Amino acid sequence: MNKLLVNILLVCFIAVFVITGNAQTIVIQTQSTSLALRVNNNKQLQQLYFGNRFSDTSAYAAFNMARTPAFPTAGINYNNEPAMQVQHVDGNISLQLNYVDHSIEKPNDDITITHINLKDPVYPLYVTLHFAAYNKENIIEEWTSIRHEEKAPVILMRYASSFLSLNDNNFYLTHFYGDWASEMQLEETKLPGGIFNIQSKLGTRATNSELPSFMISPGKPAEENEGDVFAGSLAWSGNFNLQFENIQYGRSGGSLKIIPGINAYASNYLLKPKETFNTPHFIFTYTSKGKGQASRNLHAWALKYGVWNGYQTRQTLLNNWEATYFNFTQDTLVNLFDGAKKIGVDLFLLDDGWFGNKHPRHADTAGLGDWQANKTILPDGIGYLVKNAEAKGINFGIWIEPEMVNPKSDLYEQHPDWILKLPNRPEDLSRNQLVLDLTNPKVQDFVYGVLHNLLTENPRIAYIKWDCNRPMTNAYSQYLGANQQALYVDYANGLYNVLQRVRKEFPKLEMMLCSGGGGRAEYGALKYFNEFWASDNTDPVERIFMQWGYSYFFPAATICAHVTNWGKQSLKYKIDVAMQGKLGFDIRVNDLSNKEITFCKTAVDNYKRLQNVINYGSLYRLIAPYNNSAASLMFVDSSKQKAVVFAYNMYTKMGDQLQNIQMNGLDATKQYEVKEINLEDDKRPAFRQSGKIFSGEFLMNEGLGWYLRGSLQSSILELTEVN
Ligand code: DGJ
């Protein structure tokens, strides 16, 4: 059979187009999920069904007429929260979207993209709903594009990425809020009737206060391994709004409308004729197998499609931020390279404080914007550091914060028009800095140039940490002039323009996304980054919670976890916590004893040996830290031959019951040797059965008892299939 024919057959199989009576049904489906839409006699697109996939697509014929608009618009007869609202050139704020046609694209065996074209019958305004279905990963990615041919700009007042409806009488929302150093506080709450919004207005970053990712369980709160779960994540690095309208009245039963998109706050967007406005992508999954399966779906999608080079092997590293802050010289740095070598990591990461000459970056008060190495601190330049690191057998990486400027900088003096600040009100500094105006193409060129210059002058730089340390306040773009309502949207798109150029030129470069901690933990920016800095708070107990929270949406390979001086826990405990993410260190190796250095080196070797399992394996969360004094999770590789189990006691109390760790995700029929690793030489394994062989069935049903007596004890088990 030729390839085209195979593709056509696959398309018919995966994105089904059924004609039932006069109504047309469009089915977007993955291996286990279906979203069925129907066009009614009035050309209105309706959501017919969303949930577990039917084995037989003729099942859709049995559905009554759909009761839910698939993308409701404001101004005519829909009185709930709309997906879209515009003001036409004549001032009319009504919008009707009629089905026109749809097409199906099949970029590869796994992905089917359905494009549904809609049009207003009165105005030349066109909307396309795009649905990319990832078959194996059970993920659907949806976005909207808007275009018109009116005589002047149309005002986009609301422009959601998606509109989905779930039917039930109760809905439980799991979401995450926080602040600097306290990211990812979990809350699970029953949604009240009415409208509940999760949103941010931070401008430069999506999150920190609220994550644009969430889970919904209809009926009752979902468990880890069972229950219906809808998980969604908005890929957008700017202001977002996740709206949940819980409608529990009327004859048709209760339903929840999920309306994710850019936050329309201060963003009535002027869309010029014939230009296309693309909304951010909304990524979602649906499963009846609990939150664990929802996470595994998202992780599989993220590694393959969602983050930059998901399967690129991450480099373990030593960062100097907490070891030196701004206080270092060229020689101190070169000495620190020895520490990196001793503990066996791949790379040394030079953090903030290396640049600025007229206004040296001795503190966070000056220098941002002037990306030349400081001649006093680094008289021989960055090249000297790269060379010396390599001579010692490690790679070299560097920190930048290219979207920002300190008033004490050459850049501020030379380009006051490149800075976001109100012309007629005082500047509002945060961390002594202001935001550059990325809506301006010249500023985009500058920011891209920072990377281009640094990386072409020093082509062997092997890692970039890209920081963004303040949100927007008192923001005004001189470039946008009277069109300030475009600022928030155009800033994020300006950032993406820069990142696209950077990635085109430096595809293999490993890049960490940082925003004063976890301010940019979202898939809009992660499309260009390999990983993100989860929080400036590296206290291991707090990290157990944060990393657990992030794990609902992001794979371990993307969650940077460093061993630092935060917290009074043992070095082993700190390492055991950091090893469940992307491992790094931010310590003074010189302060460690030889025994501790050997311990670090062994742990780094263990991590590298197991990195594929931890970074790309399937995650099973076993004991949640919430309402517990312990936590445990494990990763299993795709062949189920290898697994790694992490177990932690946090603050235990007398009488705490130690549960057996019942594992998950193993092959019940396989035999596994269980070995505890990262053991301190004078200590016995906490798992007394270390070294013994058990069946997968035993490990998953009975599990292993653990002997982590007392607070702040941890252990890691390596499981290997034996014949
Ligand atoms: C904030 C980051 O989160 C830290 O890790 C560090 O890079 C500082 N910025 C440097 O200014």
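This passage describes the surroundings of the ligand and then one sheet with the helices that lie against it, as they appear in a predicted model.

The ligand is surrounded by 13 residues, among which Asp351, Asp352, Lys465, Asp467 and Asp536 come nearest. When the residues of this shell are sorted by class, six are charged, four are nonpolar and three are polar. Oxygen atoms of the ligand take part in several short separations from polar atoms of the protein: a side-chain N or O atom of aspartate 352 is found at 2.6 Å, and a polar atom in the side chain of tryptophan 399 at 3.2 Å. In the case of glycine 517, by contrast, the atom concerned is a backbone N or O atom, which lies 3.1 Å from an oxygen atom of the ligand. Of the 300 Å² of accessible area that the ligand has on its own, the protein covers 97%.

The sheet is open and consists of six strands with antiparallel pairing, arranged in the order β33-β34-β35-β38-β36-β37. Its edges are formed by β33 (618–623) and β37 (693–695), each of which pairs on one side only, and neighbouring strands are turned against each other by 25 degrees on average, direction ignored. Between β33 and the antiparallel strand β34 (residues 630–636) there are five bridges, and leucine 619 stands opposite phenylalanine 635 of β34.

Two helices are described in relation to this sheet. Helix α10 (residues 540–551) lies across β33, β34 and β35 (642–649), and runs at about 130 degrees to β33. Helix α11 (residues 571–578), which packs on the sheet, touches β35, β36 (671–677) and β38 (714–722), with its direction making about 50 degrees with that of β38.

Definitions and conventions:
Residues numbered from 1 in each chain as written. Predicted model: local features only at pLDDT ≥ 70, side-chain atom pairs only at ≥ 80, totals over all residues. Heavy atoms only, no water. Near = heavy atom within 4 Å. Polar contact = N/O pair within 3.5 Å; in protein donor to acceptor, adjacent residues only side chain to side chain. Areas by Shrake-Rupley, 256 points an atom, 1.4 Å probe, with all protein chains shown as cover. Nonpolar A, V, L, I, M, F, W, Y, C, P; charged D, E, K, R; others polar. Pairing = 2+ DSSP bridges. Helix = DSSP H or I, 4+ residues; strand = E, 2+ residues; numbered from the N terminus. Axes fitted to C-alpha atoms, helices over the stretch in contact; angles between N-to-C directions. Contact = heavy atoms within 4.5 Å.
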